[in-house]
Each structure stands twice: as C-alpha cells, then as structure tokens.
Amino acid sequence: METPRNNVLQNFGQAQKAVIWFGNPYMPWHDSQVPGGKWGQELTINADGTCTVQSMVFNDYQRLPIAGQPTEHFQIAPAQAESFLRQILVLLNYFGNCTDDTNATIFTTIQNADSGSWTFTDYPTDEPAINQLAMEIRDSLNCADLMVLDGNGREDFIEKFVVDYDEQDNYHEQLVLTRVPNAVTYCRRLTDGPTITTTFQWPESEMPLLDSLNPVDFTTTIPGVPANATDDNGQLGHFTCTITRRILPSASFSGDYERYCLPTPWANLMHSIEDLLDIPTTGALLSSSYYTRKRRCLDEVIYIGVKFFEDGREYNYLTDDDSIQPGDRVLVPVGGDDSEQELTVVSKHYYKRREVPYPLDKVKRVIRKIDEE
C-alpha cells in the first residue's frame, strides 16, 4: 500500500492520535506469558493533549503490558499535541514506508478524525529531523527516558554543563553550555593578561547541543588512572565538570586533564564545540593534543611521531623521555648513516610491549629533546 507523498495533510485529514511503538530487541524481559520476551514502550499522543506511556513485553507473536508497571498519564497543551501529530505524519510519510504490518520492532500508527489510519515503519532513527522531534516530545512531556521515535532515551535532561580548567601558573579556562539560552560560552583568562570570552547562541528553533548528551555517559565511562601510572610531574592541567540535571541531582567529576580522567564522549564533544566556535586561537580545553593525551604506565614504551615533510608520511621513534610532547623539537637519526636531523614531534603514543605497532628492534631512538633557548 503506497501513501501519496504530496499534500499528505490534505490526503490524510486532521490527525487525532498517534501510537508510537519502539521495541528493544536487545533488552530481555522475563515474563511467563511471553516466552523469549523483550522490553518495549508504547507512547500514545492524542489531539486533546492527553498522552500515555506503557512499558510492554513482546516477542514475535504478541505484546502485553508489563505486570506491575502501570500506564503513565501526561497532559500537554492541545495546540502542542496537534503540532506533534502533524510533524509525525509529515516526517514519517517522507522518511518511512506506509504498511499494514504492525509486527515490526519499530512502527507508528496515526489515526484521523474518520477513524482511518496509516502505519509507518522503516524510518531512520538516526535522521536529525526525527531526532529533533523526538527530543521535543520528550521535553514537552518532561520525560527524558522515552524511546519515542528514535530510541535515544536519556537518563535525564541536562540544563547546564560547566567545565573549569586550571594550570599551575593560574591560567584558567571555562566552558559553559546552557539550555536557556541555547548557547555555548568559552572563556580564557590569560596569566597576568586579559580575559577573552567567545559566545555562540543558536536560534530558538534549533535543538540544544545538550540534547545530544546523556548524563550517564559522562558519569559512568571514566576509565580511572591505573595503579602503575607514572606521576604527571605537573605537566597536566586540572579540570572540574559539573552537570546540572533537570530532575536528578547535579553530578560532578574532576581530575587531571587526560584520557584516564575523562569520560568516553569527551573528545567528540570538545571537537564539535571547537568546530562550532571556529575561532583562530583556542586553549587547552578544546585542544585534542591535551584531551587525548594520557600519562604513561610503567609497563609502556613511548613512541613519538615526526614528519620530514608537512604532508609526508609519519615516522616513529622510541624515547624514554616522557617530557617530550607534540610540538617539541627533537634530534633524531636518519638514514643508513644515522645522520642527525632536527624535527618537530607531531604525535606521542604509549604502547604495551606486546602491542607496539612496529617491532622494538626495528625502531630507532630519539637522540635528545632540543630545549628552548
């Protein structure tokens, strides 16, 4: 059954109800009535603003409400509900397939005033327009954990995300992401110098950057410093991150500014903000050479990378000097006669001896670091 894509609102009529089903095939749920059951969620939005959410257990043949988990009831403004219904109809008509199949893992059924209905499946859960609508629905119902259309439920909404960074010489940076206003503010206080502040604010119609973040990803994915890690010798700055959540208490974590103390999503977030601000000079917080580094463990060897030409291949050398960092100048042996050449370090990596990218006996060693005059 094909649905006309032109003039969809006229063809369908006024949408009165949407039932959005999202089944998670990777989340087992034991229920004696549903063998091999998985967990799912059904959200119903009515044009009068009444909404319900029901947790379900399902398999290939049936779906039943989970015993002991009552239906949740919500109320939003009718105008808001009608807007959601229109957007759902238009988006799913464009991105999905209209079908009579209601056994799909993910589908949405929309009903009009004449009790007619269309069911949509196969819509992309990673489509930005669908993601934005899903977050608007979660926000309106104040339920961050809803699966809605894309399955990207959150632990809670983040209202504010603040990072403070300090170095020993009183240099300070601060990064602030806020939901209201929908903005990023980046501040650098130079040692014995001025304070430089850069602010980027999105239009009201755009989804907050905070909606792409799940608080739990920042509080549960920090590796921690290994017991055999070497001392940082004051080379690493210190940071504190505070996440203000809408319902749950605020969460904070801190440590040295290195991979062992930073959560998994950190690099992607900092890279996105650096691209967004697009300013000529940024400091440590937004620099990949800072947030991707880590202190060395005692059982690791140090490989540094250099290039003989700006666009050329990277070559690796071994060193025991952990003070060498990307950007430093080093003296290295080159060629069959091991002639000495001064080059700039472009990368630094720590490897377990059994995991080195090149055999240790095949890699030449750095002669020395060239100290600044």
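Proline 181 lies in the loop between strands S10 and S11 of this predicted model. The peptide bond leading into this residue from valine 180 is cis, with omega near -5°. Most residues other than glycine have a negative phi, and most peptide bonds are trans. The loop that holds proline 181 belongs to a hairpin, in which four residues connect S10 to S11.

The two strands on either side of that turn are antiparallel: strand S10 (residues 172-178) pairs with S11 over seven bridges. Threonine 178 has alanine 183 in S11 as its bridge partner. Alanine 183 also stands opposite glutamine 201 in S12. S11 and S12 are likewise antiparallel and pair over seven bridges. A hairpin with five residues between the strands links S11 and S12, and aspartate 192 in its turn has a positive phi of about 55°. As for the surroundings of strand S11 (residues 183-189), five of its seven residues are buried, so the strand is largely enclosed by the rest of the structure.

These strands are part of an open, antiparallel sheet of six strands, whose order is S12-S11-S10-S9-S13-S14. Its edges are formed by strand S12 (195-201) and strand S14 (251-256), each of which pairs on one side only. Direction ignored, neighbouring strands of the sheet are turned by 10° against each other on average. Strands of a sheet pair through backbone hydrogen bonds, either parallel or antiparallel. Towards the S14 edge, strand S13 (residues 238-245) runs antiparallel to S14 and is joined to it by six bridges. Within this pair, threonine 242 stands opposite serine 252 in S14.

Arginine 293 is placed in the loop between helix H6 (288-291) and strand S15 (300-307). Its side chain raises a question of charge: which side chain of opposite charge is nearest to the buried arginine 293? That side chain belongs to glutamate 167, 5.7 Å away, and arginine 293 has no salt bridge. A salt bridge would require a side-chain nitrogen of Lys or Arg within 4 Å of a carboxyl oxygen of Asp or Glu. Leaving aside residues up to four places away in sequence, arginine 293 touches Tyr165, Gln235, Leu236, Gly237, Tyr257, Glu258 and Arg259.

Attention now turns to helix H3 (residues 128-141). With 14 residues and a rise of 1.5 Å a residue, H3 should span 20 Å; its end C-alpha atoms are 20 Å apart, which agrees. An α-helix has 3.6 residues a turn, so residues three or four places apart point the same way. The buried residues of H3 include Ile130, Leu133, Ala134, Ile137, Arg138 and Leu141; Asn131 and Met135 are buried as well. Among the elements that cover the buried residues of H3 are strand S2 (38-46), strand S3 (50-58), strand S5 (72-75) and helix H2 (78-95).

Just after H3 comes asparagine 142, in the loop between H3 and strand S9 (158-166). Asparagine 142 has a positive phi of about 60° although it is not a glycine. Valine 148, in the loop between H3 and S9, also has a positive phi, of about 45°, and is not a glycine. Are these two residues buried or exposed? Asparagine 142 counts as partly exposed because its relative accessibility is 35%, whereas valine 148, at 2% relative accessibility, counts as buried.

Technical notes: Residues numbered from 1 in each chain as written. Predicted model: local features only at pLDDT ≥ 70, side-chain atom pairs only at ≥ 80, totals over all residues. Heavy atoms only, no water. Pairing = 2+ DSSP bridges. Axes fitted to C-alpha atoms, helices over the stretch in contact; angles between N-to-C directions. Buried < 20%, exposed > 50% of the residue type's maximum accessible area, 1.4 Å probe, protein only. Lys, Arg positive; Asp, Glu negative; His and termini not counted. Contact = heavy atoms within 4.5 Å. Expected span 1.5 Å × (residues − 1).
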